[in-house]
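Me: I've got this model open and would like a close look at a single part: the place where two helices pack against each other. Take me through that contact, then work outwards from there.

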Amino acid sequence: KRFHICGSIFLPTKKLISQQKFRPWNGVFLNDEFLASEQKARGIVLQMMRLYEEFGCEIIIEAPGVRNEKDWLVVESLLTERDELM
C-alpha cells in the first residue's frame with residue numbers, strides 16, 4: 001500500500017523566533033542557529049522545504065500558522081524561493 005508523508009515547518013518570523021527564545025512550546029526544540037535571526041531561520045526552513053519536495057512530502061505549516069495576509073505572503077515567498085533553487 002502507498003502512504004503519504006507529511007513534513008512540518010514553522011513560519012520563520014520575528015514573532016515566532018522571539019516567542020520560542022523566551023517561552024518555547026513544550027516539546028519543541030529550535031536550535032540556536034534557527035533562533036539567531038529571521039534570515040537564518042528562513043534558510044533552515046527552505047532547506048527543509050527542498051528536502052520535502054525532493055522526497056514528495058506534503059508540507060504542513062505548524063501553529064500558529066497562517067493568520068493573516070502577511071503570513072500568507074511569507075508562505076508564498078518561501079514556496080517561490082524553494083522552487084527557484086530546485
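Reply: Sure, let's start with who touches whom. On the H3 side, the residues in play are Arg42, Val45, Leu46, Met49, Arg50 and Glu53, and they meet Val74, Ser77, Leu78, Leu79, Glu81 and Arg82 in H4. Sort that contact by class and you get six nonpolar, one polar and five charged residues. Keep in mind that this is a predicted model.

Now the geometry. Two packed helices are described by the angle between their axes and the distance between the axes. Here H3 covers residues 38-54 and H4 covers residues 69-84, and they pack at an angle of about 60 degrees with their axes 10 Å apart. Roughly perpendicular would take 65 to 115 degrees, so this pair of helices, H3 and H4, counts as oblique. As for handedness, H3 passes H4 in a right-handed crossing.

Val45 and Met49 of H3 are worth a second look. Both are on the list of residues that meet H4, and both are also touched by isoleucine 9. Isoleucine 9 lies in strand E1, and with a relative accessibility of 4% it counts as buried. Its C-alpha is separated by 6.5 Å from that of valine 45, although the two are 36 residues apart along the chain. Leaving out residues up to four places away in sequence, isoleucine 9 also touches Met48, Tyr52, Ile59, Ile60, Ile61 and Glu62.

Stay on that strand for a moment. Cysteine 6 sits in E1 as well, but cysteine 6 is partly exposed, at a relative accessible area of 43%. With residues up to four places away in sequence set aside, cysteine 6 touches Glu58 and Ile60. Ile60 turns up in the contacts of isoleucine 9 too. Serine 37 is another matter: 31 residues along the chain from cysteine 6, with a C-alpha separation of 26 Å. Step back to the segment before E1 and you find histidine 4, which counts as exposed at 68% relative accessibility. From histidine 4 to alanine 41 the C-alpha distance is 26 Å, with their positions 37 residues apart in sequence.

Going the other way from E1, you run into the aromatics. The structure holds one aromatic pair. The rings of phenylalanine 10 and tryptophan 25 have centres 5.5 Å apart and planes at 50 degrees, so the pair is tilted. Phenylalanine 10 is in the loop between E1 (6-9) and helix H1 (14-22), while tryptophan 25 is in the loop between H1 and helix H2 (32-36), so the pair ties together parts that are 15 residues apart in sequence. The two partners fall into separate burial classes: phenylalanine 10 is buried, with a relative accessible area of 15%, whereas tryptophan 25 is partly exposed at 26%.

Leucine 16 links up with both rings. You'll find leucine 16 in helix H1, buried, with a relative accessible area of 4%. Apart from neighbours within four places in sequence, leucine 16 is in contact with Phe10, Leu11, Trp25, Phe34 and Pro64, so both members of the tilted pair are among its contacts. If you want one more distance to check on screen, try the C-alpha atoms of leucine 16 and alanine 63: 47 residues apart along the chain, and separated by 9.8 Å.

Definitions and conventions
Residues numbered from 1 in each chain as written. Predicted model: local features only at pLDDT ≥ 70, side-chain atom pairs only at ≥ 80, totals over all residues. Heavy atoms only, no water. Axes fitted to C-alpha atoms, helices over the stretch in contact; angles between N-to-C directions. Helix = DSSP H or I, 4+ residues; strand = E, 2+ residues; numbered from the N terminus. Parallel < 35°, antiparallel > 145°, perpendicular 65-115°, else oblique. Left-handed = near helix turned anticlockwise from the far one by under 90°. Contact = heavy atoms within 4.5 Å. Nonpolar A, V, L, I, M, F, W, Y, C, P; charged D, E, K, R; others polar. Phe/Tyr/Trp six-rings, centres within 6.5 Å; stacked < 30°, edge-to-face > 60°. Buried < 20%, exposed > 50% of the residue type's maximum accessible area, 1.4 Å probe, protein only.
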